[in-house]
Amino acid sequence: MQLQIKLSSLYVLLTTLLLSPPAVANPVTALVTGITDGDTLTINAQNQNITIRLACIDAPETKQPGGRNAATFLSQLAPVGSSITVVPVAKDQYGRVGVVFGKDNRGGNVNVNVKLVENGHAVVYQQYLINCPSSRQDLVRAEASAKQRRQNFWNQTNPCMPWDFRQGKCSTAAAPEPQQQGRCDPSYPDVCIPPAPPDLDCGEITHRRFRVTGSDPHGFDGDNDGIGCES
């Protein structure tokens, strides 16, 4: 009987350890020094240069359709030279993995990982969701919303998941960038929005928080901060 109780207790302990989310390290304030791709950036923290991969998400690779747009969007959320907060959650063979928080226009905290998924610039990495217990539901809801709106990465007939692309299960050729197709207004260099007329508003397009330069014929950048359709 005592042996059975000990074995039962050991089973409960092992199950708890295996299923419990990892301990979250203390947040680190850092300076963004570079954007590698849609889910990787470099930071300087305590005079150390560190590469951070964004936890629980996977952005299209640079050679995939949407890969360069994902990197551009990340650079808008966490511009080089800006201060961010990183919550380390894991470490893998490529380096450190964490949840990144930037600032919105009002100075409030923004979960960069969630924002990338919400805008269709990254997908949820289901097998690693245990690393993000506090934002797990937000990530799942954000992806469902982006898929329903066919936002960016999801605006493809048969999108190839980034992990499949890395394993060579999809075409290695990237689709032409929107501006190379000749049907896009140059005021919006990172997304493809047709020139006026007709005049469009934010409710008639799927893109959010894109860079605006030039004349902005559709008037997407109402507060003239260089970012269109911010909400």
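This report describes an internal cavity, a helix that contributes to its lining, a strand hairpin and two loop residues in a predicted model.

## The cavity and its lining

With a lower limit of 30 Å³, the count for this predicted model comes to one cavity, and the space in the largest cavity is about 80 Å³. Its lining is made up of Asn69, Thr72, Phe73, Gln76, His121, Asn152, Asp190, Val191, His207, Arg208, Arg209 and Phe210.

Sorted by class, the residues that line the largest cavity are six polar, three charged and three nonpolar. Helix H2, which spans residues 67-77, supplies four residues and with them the largest share of this lining. Other parts of the chain are also represented, including the residues His207, Arg208, Arg209 and Phe210.

## Helix H2

How many of the 11 residues of H2 are buried? Eight of them are, so the helix is largely enclosed by the rest of the structure. The cut-off behind this statement is a relative accessible area under 20%, and the residues of H2 that are buried are Gly67, Asn69, Ala70, Ala71, Phe73, Leu74, Gln76 and Leu77.

Two views of the helix can be set side by side here. Asn69, Phe73 and Gln76 are buried residues of H2, and Asn69, Phe73 and Gln76 also appear in the lining of the largest cavity.

## The hairpin of E2 and E3

Strand E2, residues 40-45, runs antiparallel to strand E3, residues 48-54, and six bridges join the two. One of the pairings links Thr40 to Arg53, its bridge partner in E3.

The two strands form a hairpin with two residues between them, and Gln46 in the turn has a positive phi of about 55 degrees. Asn47 also lies in the loop between E2 and E3, and its phi, near 65 degrees, is a positive value in a residue other than glycine. Asn47 counts as exposed because its relative accessibility is 76%, where the cut-off is over 50%.

## A second loop asparagine

Most residues other than glycine have a negative phi. Against that background, Asn224 has a positive phi near 55 degrees although the residue is not glycine. Where does Asn224 lie? Its place is in the loop between strand E9, residues 210-211, and strand E10, residues 227-228.

Is Asn224 buried or exposed? With a relative accessible area of 66%, Asn224 is exposed. Asn47, in the loop between E2 and E3, is likewise exposed, at 76% relative accessibility.

Definitions and conventions
Residues numbered from 1 in each chain as written. Predicted model: local features only at pLDDT ≥ 70, side-chain atom pairs only at ≥ 80, totals over all residues. Heavy atoms only, no water. 1 Å grid on protein atoms, 1.4 Å probe; cavity = no way out; pocket = protein on both sides within 12 Å on 5 of 7 lines; lining within 4 Å. Points joined across faces, edges and corners; volume = space filled by probe spheres on them. Nonpolar A, V, L, I, M, F, W, Y, C, P; charged D, E, K, R; others polar. Buried < 20%, exposed > 50% of the residue type's maximum accessible area, 1.4 Å probe, protein only. Pairing = 2+ DSSP bridges.
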